[in-house]
Amino acid sequence: ALPDDNPLLRGLNPEQYAAVTLPPQASLILAGAGSGKTRVLTTRIAWLLQTGQISPGGVMAVTFTNKASKEMLTRLGAMLPVNVRGMWIGTFHGLCNRFLRAHWKQANLPQSFQILDNGDTLSAVKRVIKGMNLDEERFVPKQVHWFIAGSKEDGLRPNDVVVHDGQSQKMVEIYQAYQDQCEREGVVDFAELMLRTYELMRDDPLLREHYQRRFRHILVDEFQDTNKLQYAWLKMFAGPQTAVMAVGDDDQSIYAFRGAQVGNMADFEREFRVQHVIKLERNYRSFGNILDAANHLIGHNSRRLGKNLRTEAGPGEPVRVQESASDFNEAQWILEELQQLHRAGMHRREMAILYRSNAQSRVIESALFNASIPYRVYGGLRFFERAEVKHALAYLRLIENCNDDTSYLRVVNFPTRGIGARTLEQLQDAARQSGRSLWQSVGAVGGKGGANLVAFNALVDSMRNETHGLTLREIIEHMLQRSGLIDFYRTEKEGADRIENLEELVTAAEAFVTQEGFGKDAIALPVDEHGPGQIADGSAAGLPNAVAAVDMTPDAETGEIMSPLAAFLTHAALEAGDNQAQAGQDAVQLMTVHSAKGLEFDAVFITGLEEGLFPHENAMSDADGLEEERRLMYVAITRARQRLYLSFSQTRMLHGQTKYHVKSRFFDELPETALKWLTPRNQGFGSGFARDYQAAWQRGSGLNSVVGAGRSSGWNPPAAPAMPPVPASMQASAAKAAGHGLRVGQGVFHTKFGEGVIVTLEGKGEDARAQVNFGRHGPKWLALSVAKLTPVD
Ligand code: ATP
Ligand code: MG
């Protein structure tokens with residue numbers, strides 16, 4: 001029994017209670033998945049507010065995803081009668097955006113600066129490389145992008161980067177040119193948001209003092225995944241009087257590849273002089289079998305701070321394991337399970353399908369799409385990434401800021417206006433020479449093309465004038481007509497879909513205006529009867545979330561706030577991953593394991609559990625990489641509350657090629673007692689073949705070679721794989737009973753096809769068949785009574 005009968009604190013266990021009510025000093029909450037870290041963080045903010053220790057403006061909380069910050073704001077709004085819209089709660093990027101909107105002048109940015117999402121950044125980089133007449137083969141745009149982002153995340157401007165050869169010298173020049181281009185266009189990329197904020201805080205003592213005094217409490221969730229720049233950024237905002245609470249789990253550190261440093265936890269303890277370290281060991285999320293699986297798996301990692309998780313919830317259902325013959329079959333199986341769960345009463349939004357790589361989602365998406373099951377993709381950039389939506393956004397961005405060259409190039413000749421590649425090249429040359437934007441350079445281009453450019457500028461100008469003072473919805477509707485986009489898609493064969501998406505953009509804007517509460521009071525959410533922290537997703541009940549993804553902080557000098565249009569465009573860039581089109585619908589959730597961090601679902605499918613995929617091939621060669629993959633798997637497992645499915649497939653179409661896969665080594669690291677195999681477990685196939693396969697992989701042999709033609713993209717159902725699906729159960733037994741002495745994984749020689757590896761064996765005697773993967777000739781099904789196969793090893 002705890003001394004306090006404050007309803008906010010009711011139901012917390014003693015360690016959670018201690019953490020929530022700590023004195024205002026630096027503290028570290030170190031605990032495993034589902035132990036209530038995020039809940040503690042949220043409850044602490046509520047408690048600080050409720051007890052009058054801080055005002056809503058005196059706290060900053062950093063979450064890892066937009067979804068998490070929304071959830072936190074929703075929970076807070078439900079716990080306390082405060083207006084959460086003004087609170088500094090958001091992702092690092094979201095908070096930087098808020099800061100720079102208020103201090104754009106000091107940060108040397110145009111007031112209406114726009115944010116480049118990753119796709120925009122890449123095309124901006126490409127333009128720079130082209131403008132410098134460099135070879136895209138030598139300076140691969142993606143790598144250049146990584147280099148620039150990586151430099152920024154290390155706090156390095158072009159001048160600070162240490163050059164060690166000609167190539168890196170050139171990279172730095174590209175970085176500089178890219179940066180100049182961004183300045184000219186008034187745009188910032190994600191990394192720039194962070195670095196610009198950091199530098200301004202570092203270099204402006206008055207501003208720094210102001211914020212350091214203002215924030216009495218800073219709380220950071222998922223601290224194990226902060227990178228160097230984020231850590232330095234935090235140090236800028238935390239003053240001598242600021243109590244910083246960091247919350248994290250070293251076992252869930254999954255961004256080392258992007259520069260995250262678990263070492264930040266040790267640095268934090270030392271540099272912030274941490275007074276209180278609290279560990280939470282009781283898991284409230286998952287049933288016993290799921291937790292056993294998670295504990296067992298992560299026990300295979302060596303570098304751990306060492307924590308344990310226990311639950312009082314009982315074992316629950318076993319963890320289900322499914323083997324499929326192909327990715328197509330896997331998707332079909334998932335579909336059936338989803339439908340069964342739904343019939344049994346589970347909400348679709350409580351079902352999540354996780355995958356290691358984005359590319360895996362397409363087959364599943366396609367199956368869901370064809371079965372008309374509503375789904376949502378996180379991090380897949382679905383809605384805002386569609387070409388027509390990007391075109392429309394580009395027009396809007398030009399209305400807001402005509403010097404945005406990326407947007408200019410995107411739509412200057414879309415729909416076509418007789419502006420050809422030559423004209424555009426002249427325009428870009430002129431802009432480069434004068435150091436001005438494309439918009440400003442149209443006068444320098446002569447001829448018919450030049451006249452058309454002038455006409456285009458006039459069109460944008462008139463759109464701006466005609467929409468002055470209109471509502472966001474009206475602005476978008478006007479732009480859709482005036483730009484010619486709607487007319488253009490009317491004439492297109494498959495334009496109907498695209499027009500629908502454009503109309504959906506109006507809907508998204510409408511929803512945005514309601515949610516952000518422009519001119520309206522924030523909408524109060526009802527308190528869920530289960531008490532604090534148990535708020536049902538408001539959107540599912542048809543209620544808009546009363547949360548602000550985009551901040552409306554007034555300009556520090558003028559008090560001006562962003563126009564609804566500017567706010568909407570920011571929102572579109574920051575939340576490109578969220579599919580607004582389906583907000584409010586009860587939809588199955590699809591996402592990568594990375595973006596599932598911090599979330600929880602009743603039922604979770606972890607798909608594609610195959611060597612090379614998960615663990616990922618890039619990470620398999622070194623111990624650190626493998627440990628990071630294992631932590632990723634730990635994150636995936638611990639998302640599930642009631643039911644967990646693990647699934648793998650023998651073949652998979654990836655990047656237009658069929659690949660043969662063996663099941664992930666992670667299966668060998670799970671407690672057999674917690675598992676239930678839905679398809680018969682096949683001992684022989686897993687271990688023996690896996691070894692041979694890995695050996696082959698390391699030798700670089702053709703085992704993993706191309707065997708199928710590329711599947712067309714789009715929404716056609718993927719073609720069934722060329723080979724007949726073989727029940728796994730038959731494979732191991734066949735080898736023993738068939739009498740031919742061959743085994744799966746064995747190297748063989750065929751007089752016509754050359755050397756290959758046996759992938760599948762089935763049937764007996766006269767009927768015995770083998771599927772052999774011949775490097776150059778691909779996979780063949782062979783009747784063993786006819787084909788002469790000689791073992792080669
Ligand atoms: P992760 O590491 O995955 O981010 P976490 O440690 O942040 O997990 P939470 O998401 O805060 O964990 O909590 C997991 C679940 O347990 C949530 O549904 C939360 O509401 C519930 N929970 C936490 N503490 C308690 C408690 N004392 N009583 C009941 N439920 C709790
Ligand atoms: Mg959490």
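The following paragraphs describe the fold, the nonpolar cores, a central helix and sheet, and the ligand shell of a predicted model.

The secondary structure of the protein consists of 26 helices and 21 strands. The protein has 793 residues, of which 47% count as buried. Contacts between residues at least 6 apart in sequence were examined for their span, and 76% of them join residues at least 24 apart.

The largest nonpolar core holds 125 residues. Within this core, the members that touch the most others are Ile29, Ile45, Ala61, Ile218, Ala392, Leu396 and Met479. Helix α15 (residues 387-400) supplies the largest share of the core, 8 residues. Apart from its neighbours within four places in sequence, Met479 is in contact with Ala392, Tyr395, Leu396, Ile399 and Met463. Two of these partners, Ala392 and Leu396, are themselves listed with Met479 among the core members that touch the most others. A second core, separate from the one described above, comprises 59 residues, including Phe328, Ala352, Phe614 and Val635.

Helix α4 (residues 92-102) is largely enclosed by the rest of the structure, because 9 of its 11 residues are buried. The buried residues of α4 are Phe92, Gly94, Leu95, Cys96, Asn97, Phe99, Leu100, Arg101 and Ala102. The list thus includes Arg101 and Asn97 as well as residues such as Phe92 and Leu95.

An open sheet is formed by 6 strands in the order β3-β2-β6-β7-β1-β8, with parallel pairing. Strands β3 (88-91) and β8 (276-280) lie at the edges, and each pairs on one side only. From one strand to the next, the twist averages 15°. The edge strand β8 is joined to β1 (residues 27-31) by 5 bridges, and the two strands run parallel. Within this pair, Leu30 stands opposite Lys279 of β8. Strands of a sheet pair through backbone hydrogen bonds, in either a parallel or an antiparallel manner.

Ligand 1 is surrounded by 20 residues, the closest being Gly36, Lys37, Thr38, Arg39 and Tyr284. By class, the shell around ligand 1 contains 11 polar, 5 charged and 4 nonpolar residues. Helix α2 (residues 37-50) contributes the largest share of this shell, 3 residues.

Key
Residues numbered from 1 in each chain as written. Chains lettered and ligands numbered in written order. Predicted model: local features only at pLDDT ≥ 70, side-chain atom pairs only at ≥ 80, totals over all residues. Near = placed C-beta within 6 Å. Helix = DSSP H or I, 4+ residues; strand = E, 2+ residues; numbered from the N terminus. Nonpolar A, V, L, I, M, F, W, Y, C, P; charged D, E, K, R; others polar. Buried ≥ 20, exposed ≤ 12 C-beta atoms within 10 Å, placed from the backbone. Contact = placed C-beta atoms within 7 Å. Core = buried A, V, L, I, M, F, W, Y, C linked by C-beta atoms within 7 Å. Pairing = 2+ DSSP bridges. Axes fitted to C-alpha atoms, helices over the stretch in contact; angles between N-to-C directions.
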